Amino acid sequence: MTIFVFHSEAPAKRERNEQLHEFLGQKQLEQCDWKIACRRAGKWRKNILLLGVIAGVSMSVWWFCDINEKIISKRRKTLESMCDEQARVLQDQFNVRHRQVHALSVLLSTFHHGKTSSAIDQKTFGEYTEMTKFERPLTSDVAYALKVTHSKREQFEKEHGWTIKKLEAEDQTHVQDCVPENFDPAPIQDEYAPVILAQGTVSHIVSVDMMSGKEERENLLRARASGKGVLTSPFKLLKSNHLGVVVTFAVYDKNLPSDATQEQRVEATIGYLGASYDMPSLVEKLFHQVASALTLVVDVYDTTNASGLIKMYGSEIWDTSEQHISSLDFGDPSRNHEMHCRFKHKLPIPWTAIISPALVLILTFLVGYVFHDAISRIAIIEEDFHMMMVLKVRAEAADVAKSQVDCESNSLRKLETFLL
């Protein structure tokens, strides 16, 4: 009977141990699953927070770039508008002065050549051009050269009492030493264009042959063939030491028809009227009348030769800041001119583009800090909860073990009682 009881208790003990191990394994598995789930949730929360911060920073940067680009675009459009306005004013003024010089050429054709006895001499021409100078604020000096063929040169020189002088290129450079009496006689050629009438300020060029200068000759030939005003390249004007250009109109016989051919114009040419523009002083004077000149730096270039731009007006200081280029049409299709404009002052700090995105950026970091702190606290709470669950499982396991010990103790006491 004793052996039977002993063996009946053994299976029950093994079963209780198996149940205990199964219970502990299940609890441990549940704890592992819960811990993994907590870690995944914490990782996702951190990733979402990181994405939110990146989105906030990206939005701030994009907003700044967008506002800043709008400010730069508005400044660029303002520069374009102001530069085009100045170019239009300068171009219109040049065209108006061209028409006035052309009108003066018609006057010479009518009253100097259209009369049996000329009504205009050097004194009259000088007084007239001085008195009407205010009508041509962009025109510095005016002079008239007569077309003289070689066969009439000797007679012409006797009538005027002086010899036709050669125009030397170097004489235009050393302007302070410009004394026509010291010039060499003009070389023999088919045609001459000696100055016979000149404004008082340039009366020293009377007797100088404009056909003896290479560029001047080309301009005279172009002027009489086209019937329009032609411009020289920028050069130092005689006795002014300033950079300027000369516009030249051909003076025709008054009987020239309006639809004349090029050959008819060349044949009807009786002289050439030239007017010089002192660019540095006169363009400066014009721009002072325009309000935009207070905020812009303007440079005017002759761009006929693309490989070598000639600055006609502007500062000598090279500036790489953003600029706008406006084309200029001075009435001569053979020459190209441009106006380069830039602001006098650099773009100020774009506070409008900085403040709003900066506030968004600060708010993004504040919200990110708050959420990061919350995530950290959640992680701490979950860790504490996990430790509590571990302790709870251990306590339950201890209770189960204690119950088993108590059961075994009771069984042993019963067995001992039975044996006794």
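These notebook entries record what I looked up in one protein structure.

**Entry 1: the model.** I noted at the outset that this is a predicted model.

**Entry 2: the open sheet.** I began with a sheet and asked in what order its strands stand. The sheet is open and has four strands, in the order E12-E11-E14-E13, with antiparallel pairing. I then looked at its edges, where strand E12 (310-313) and strand E13 (324-328) stand. Each of these two has a single partner strand, so one side of each is left without a neighbour in the sheet. From one strand to the next, the twist averages 35°. I reminded myself that strands of a sheet pair through backbone hydrogen bonds, either parallel or antiparallel.

**Entry 3: strands E11 and E14.** I asked how many bridges join E11 and E14. The two strands pair in the antiparallel sense over seven bridges. For Leu 296, I found the bridge partner in E14 to be Phe 343.

**Entry 4: a salt bridge between E11 and E14.** I next looked at side chains, recalling that those of opposite charge can pair when their charged atoms come close. Asp 299 forms a salt bridge with Arg 342, and their closest N and O atoms are 3.1 Å apart. Asp 299 lies in strand E11 (residues 296-302) and Arg 342 in strand E14 (residues 337-343), so the pair ties together parts that are 43 residues apart in sequence. Are these two residues buried or exposed? Asp 299 has a relative accessible area of 3% and is buried, because the cut-off for buried is under 20%. Arg 342, at 5% relative accessibility, also counts as buried.

**Entry 5: other salt bridges.** I recorded a count of 10 salt bridges, and I examined two more of them. Arg 224 forms a salt bridge with Glu 191, with the closest N and O atoms 2.7 Å apart. Since Arg 224 lies in helix H5 (residues 214-226) and Glu 191 in strand E4 (residues 191-192), this pair ties together parts that are 33 residues apart in sequence. Arg 224 counts as buried at 10% relative accessibility, and Glu 191 is buried with a relative accessible area of 12%.

The other pair is Glu 157 and Arg 153, whose side chains meet in a salt bridge (3.0 Å, N to O). Both residues lie in helix H3 (residues 153-160), four residues apart, which is about one turn of the helix. Glu 157 is buried, with a relative accessible area of 17%, and Arg 153 is buried as well, at 10%.

**Entry 6: nonpolar cores.** I asked which residues touch the most other members of the largest nonpolar core. Among its 45 residues, they are Leu 90, Tyr 144, Leu 273, Phe 287, Val 298, Val 300 and Met 339. Helix H1 (residues 2-111) supplies the largest share of this core, 10 residues. Another core, of 18 residues, lies apart from it and includes Ala 193, Val 206, Val 208 and Tyr 252.

**Entry 7: a nonpolar patch on the surface.** Finally, I turned to the surface and found a nonpolar patch of about 790 Å². Its residues are Phe 64, Ile 349, Trp 351, Ile 354, Ile 355, Leu 359, Ile 362 and Leu 366. Which helix gives the most to this patch? Helix H8 (residues 351-419) does, with six residues. Trp 351, one of the patch residues, lies in helix H8. With a relative accessible area of 53%, Trp 351 is exposed, because the cut-off for exposed is over 50%.

Note on methods. Residues are numbered from 1 along each chain as its sequence is written. This is a predicted model: local features need pLDDT of at least 70, side-chain atom pairs count only at pLDDT 80 or more; totals for chains, interfaces and linings use all residues. Side-chain values use heavy atoms; hydrogens and water are left out. Patches are made of residues with over 30% relative accessible area and no salt bridge: like charges are joined within 9 Å, nonpolar side chains (Val, Leu, Ile, Met, Phe, Trp, Tyr) within 5 Å. Accessible areas come from the Shrake-Rupley method with a 1.4 Å probe; for residues, only the protein chains shown count as cover. A salt bridge is a side-chain nitrogen of Lys or Arg within 4 Å of a carboxyl oxygen of Asp or Glu. Buried means under 20% relative accessible area, exposed over 50%, partly exposed in between (1.4 Å probe, protein chains only). A nonpolar core is a set of buried Ala, Val, Leu, Ile, Met, Phe, Trp, Tyr and Cys residues joined through side-chain atoms within 4.5 Å. Two strands pair if DSSP finds at least two bridges between them. Axes are lines fitted to C-alpha atoms, for helices over the stretch in contact, and angles run from 0 to 180 degrees between N-to-C directions.
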